[in-house]
Amino acid sequence: MTLSPDTESVLAFLDEAVEGGLRKRNDVGVLLELGATHGEADLINTITTTGTGLWKVYRTLRRVQPGAEGYAQLEQEFGLQLNALRTHLAKLVEPADDVTLQRFDEIYFGMTQGVIRNLVDLGHDLARIKDLQRGT
């Protein structure tokens, strides 16, 4: 998918603003482009919020020992956030070209550890974007 100059400008800004840069820069660009092209500002906001939730739960899970109090609830919440993000992504990329659909299918919609890692990395980027929106 070809990104517009406006989307490229937003990505350049994010590259500067996000410490360490974006982990899934190209995919964030595709999401922003699709959101702008199809008037899906609310869905982009939902995706950003869901990705932020996924990232927060993931970071908490990494600090808690398996079997500790609340660990099972965190795992359950992680799964819920993961599936919610995938659902929202699927809706946004629905009108994309076949190449983009195939790529997102392989990267975000499979059932492998790599897919989970990709979603967590995207969640990281979405959380950084949400931080910028909040001014933090």
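This report covers the largest pocket, the largest cavity and the nonpolar core of a predicted model.

## The largest pocket

The largest pocket has a volume of about 150 Å³. Its lining includes Val 10, Phe 13 and Leu 14. Leu 32 also lines the pocket, as do Ile 44, Asn 45 and Thr 48. Ile 129, Leu 132 and Gln 133 complete the list.

Three helices each supply at least two of these lining residues: α1 (5-17), α3 (41-63) and α6 (113-134). By class, the lining has 7 nonpolar and 3 polar residues. No charged residue takes part in the pocket lining.

## The cavity

The structure holds 1 cavity of 30 Å³ or more. The volume of the largest cavity is about 60 Å³. The elements that give two or more residues to its lining are α2, α3 and α6.

Val 28, Leu 31 and Leu 32 line this cavity, along with Ile 44, Ile 47 and Thr 48. Leu 126 and Ile 129 belong to the lining too. The lining has 7 nonpolar residues, 1 polar residue and no charged ones.

Some names appear in both linings. Leu 32, Ile 44, Thr 48 and Ile 129 line the largest pocket, and these residues also line the largest cavity.

## A closer look at Thr 48

Thr 48 lies in helix α3. Is Thr 48 buried or exposed? Thr 48 counts as buried because its relative accessible area is 4%, and the cut-off for buried is under 20%.

The side chain of Thr 48 reaches the backbone oxygen of Ile 44, at 2.8 Å. Ile 44 is itself a lining residue of the largest pocket and of the largest cavity. Beyond its neighbours within four places in sequence, Thr 48 is in contact with Leu 126, Ile 129, Lys 130 and Gln 133. Among these partners, Leu 126 and Ile 129 line the cavity, while Ile 129 and Gln 133 line the pocket.

## The nonpolar core

The largest nonpolar core contains 36 residues. Which of them touch the most other members? They are Leu 31, Phe 78, Leu 89 and Leu 119. The elements that give two or more residues to this core are α1, α2 (25-37), α3, α4 (71-93), α5 (98-108) and α6.

Leu 89 touches Leu 31, Ile 47 and Tyr 108, not counting residues up to four places away in sequence. On the same terms, Leu 89 also touches Phe 109, Leu 119 and Leu 122. Leu 31 and Ile 47, two of these partners, are lining residues of the largest cavity.

Conventions:
Residues are numbered from 1 along each chain as its sequence is written. This is a predicted model: local features need pLDDT of at least 70, side-chain atom pairs count only at pLDDT 80 or more; totals for chains, interfaces and linings use all residues. Side-chain values use heavy atoms; hydrogens and water are left out. On a 1 Å grid over the protein atoms alone, a cavity is a set of points where a 1.4 Å probe fits but cannot get out, and a pocket is an open set with protein on both sides within 12 Å along at least five of seven lines; lining residues have an atom within 4 Å of a point. Grid points are joined across faces, edges and corners, and a volume is the space filled by probe spheres set on the points. Helices (H or I, at least four residues) and strands (E, at least two) are DSSP runs, numbered from the N terminus. Ala, Val, Leu, Ile, Met, Phe, Trp, Tyr, Cys and Pro count as nonpolar, Asp, Glu, Lys and Arg as charged, and the others, Gly among them, as polar. Buried means under 20% relative accessible area, exposed over 50%, partly exposed in between (1.4 Å probe, protein chains only). A polar contact is a pair of N or O atoms within 3.5 Å; within protein, one must be able to donate a hydrogen and the other to accept it, and residues adjacent in sequence count only if both atoms are side-chain atoms. Contact means heavy atoms within 4.5 Å. A nonpolar core is a set of buried Ala, Val, Leu, Ile, Met, Phe, Trp, Tyr and Cys residues joined through side-chain atoms within 4.5 Å.
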